[in-house]
Amino acid sequence: MTTLTVLIENTKPDGSPLIAEHGLSFFIQTERTKFVFDCGHTGAACDNAKILGVDLSEIKIAVLSHSHYDHAGGFPKFLDFAPIETVFTGKNFWEEKFSNENYRGCGFDKKFLAEKNIAQKICHDVIKIDETAYLVGNFKRRYDFETISDKFLRGTNKIPDNFDDEIVLVLREGNGLAIVTACAHSGILNIVADVHERFSLPIYSVIGGFHLINANLERISQTFDELNSFSVKKILPCHCSGENFIKSCGEKILTGSVIKI
């Protein structure tokens, strides 16, 4: 069994002492490996870990889904608590990120990792963490309606961002798979279709950020129709998924939520 604990997300239960912020971080525990998938924005996820009883001192691996501040910005704070030796990223992770000309990158660079003696492993297509956990990137564009906002820019020339640095976590779930996505900038259906094609296994669960915050009802309906065509049984949205999509799902995950797969 694999356990996912939401260390930080945009929301939290009413009255909870946990901190919520615009960002996302999961603590993942498989039968063999403990690691974090994204680190939130400020490092407040580390404070939440203490409240939630998550021992960061045992974590040697961090996965950064992409280099936006709300997913990777908290990484330096994690180093105060976790002896991280390896960081997994997608390709082109170090290209600077912008939104409407405003800097939205992670705030550190490749030199920072070298100074901390941390290795970087790049996921180009599929990379294995252990027998039940994989990272996947380099997604094909299959669905025309899954567009990327032109406000997202990258690099010194500030070209439109195609998010080819984005990676997702894929977990074994029985005889199928669960996909954990941070933002799904590449399009949640593009991601699901690629994972299904590469592993030739059914997709049972899709968890995390769907980036449908500005999606109209037609796109939300199309998304549900396609997810149903993949026979997805469980959809657990959070972060950037959008209130209309979350309401349509009927449930969401919060800071402090624990999901067992």
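**View 1. Ala-62 meets Val-87 where strands S4 and S5 run side by side.**
In this predicted model, Ala-62 stands opposite Val-87 in S5. Strand S4 covers residues 61–63, and three bridges join it to S5 in a parallel arrangement. If strand pairing is new to you, here's the basic idea: strands of a sheet pair through backbone hydrogen bonds, either parallel or antiparallel.

**View 2. On to the pairing of S5 with S8.**
Strand S5 (residues 86–90) also pairs with S8, again in the parallel sense, this time over five bridges. Look for Val-87 once more: Gln-120 in S8 is the residue it stands opposite. Further along, Gly-90 stands opposite Cys-123 in S8.

**View 3. Strand S5 is covered on both faces.**
How many of the five residues of S5 are buried? Five of the five are, so to speak, tucked away: S5 counts as mostly covered. Thr-86, Phe-88 and Gly-90 are buried on one side, while Val-87 and Thr-89 are buried on the other. That split fits a handy rule: in a regular strand the side chains alternate between the two faces of the sheet.

**View 4. Zoom out, and S5 and its partners belong to an open sheet of seven strands.**
The strand order is S8-S5-S4-S3-S2-S1-S17, and the pairing is mixed. Strand S8 (119–123) and strand S17 (258–260) are the edge strands, each pairing on one side only. From one strand to the next, the twist averages 25°. Helix H1 (residues 44–52) packs on this sheet, where it touches strand S1 (3–8) and strand S2 (25–29). The direction of H1 makes about 125° with that of S1.

**View 5. Here are some cysteines, but a search of the whole structure finds zero disulfides.**
A disulfide is a covalent bond between the sulfur atoms of two cysteines. Why is there no such bond at Cys-46? The closest cysteine sulfur, in Cys-39, is 7.3 Å from the sulfur of Cys-46, and that is too far for a bond. Cys-46 is buried, at 4% relative accessibility. For Cys-183, the closest cysteine sulfur belongs to Cys-240, at 3.5 Å. That is still too far for a bond, because the sulfurs would have to be within 2.5 Å. Cys-183 is buried too, with 3% relative accessibility.

**View 6. Phe-152 and Phe-163 form an edge-to-face pair.**
The structure holds eleven aromatic pairs, and this one has its ring centres 5.5 Å apart, with 80° between the planes. Phe-152 lies in strand S11 (residues 152–154), and Phe-163 is in the loop between strand S12 (159–160) and strand S13 (167–173). The pair therefore ties together parts that are eleven residues apart in sequence. Both Phe-152 and Phe-163 are buried.

**View 7. Phe-210 and Phe-245 make a tilted pair.**
The distance here is 4.9 Å centre to centre, and the planes are at 35°. Phe-210 sits in the loop between strand S15 (203–209) and helix H6 (217–229), with Phe-245 in helix H7 (residues 243–249), so this pair links parts that are 35 residues apart in sequence. Phe-210 is buried, and Phe-245 is as well.

**View 8. More rings: a cluster, and two lysines over ring faces.**
Ring pairs link Phe-75, Phe-93, Trp-94, Phe-108 and Phe-112 into a cluster. Elsewhere, look for Lys-158, whose charged end sits over the ring of Phe-98, 4.6 Å from the ring's centre. Lys-233 lies over the face of Tyr-204, 4.4 Å from the ring centre.

Note on methods
Residues are numbered from 1 along each chain as its sequence is written. This is a predicted model: local features need pLDDT of at least 70, side-chain atom pairs count only at pLDDT 80 or more; totals for chains, interfaces and linings use all residues. Side-chain values use heavy atoms; hydrogens and water are left out. Two strands pair if DSSP finds at least two bridges between them. Helices (H or I, at least four residues) and strands (E, at least two) are DSSP runs, numbered from the N terminus. Axes are lines fitted to C-alpha atoms, for helices over the stretch in contact, and angles run from 0 to 180 degrees between N-to-C directions. Contact means heavy atoms within 4.5 Å. Buried means under 20% relative accessible area, exposed over 50%, partly exposed in between (1.4 Å probe, protein chains only). Rings of Phe, Tyr and Trp (its six-membered ring) pair if their centres lie within 6.5 Å; planes under 30 degrees apart count as stacked, over 60 as edge-to-face and the rest as tilted. A charge sits over a ring if NZ of Lys or CZ of Arg is within 6 Å of the ring centre and within 35 degrees of the ring normal.
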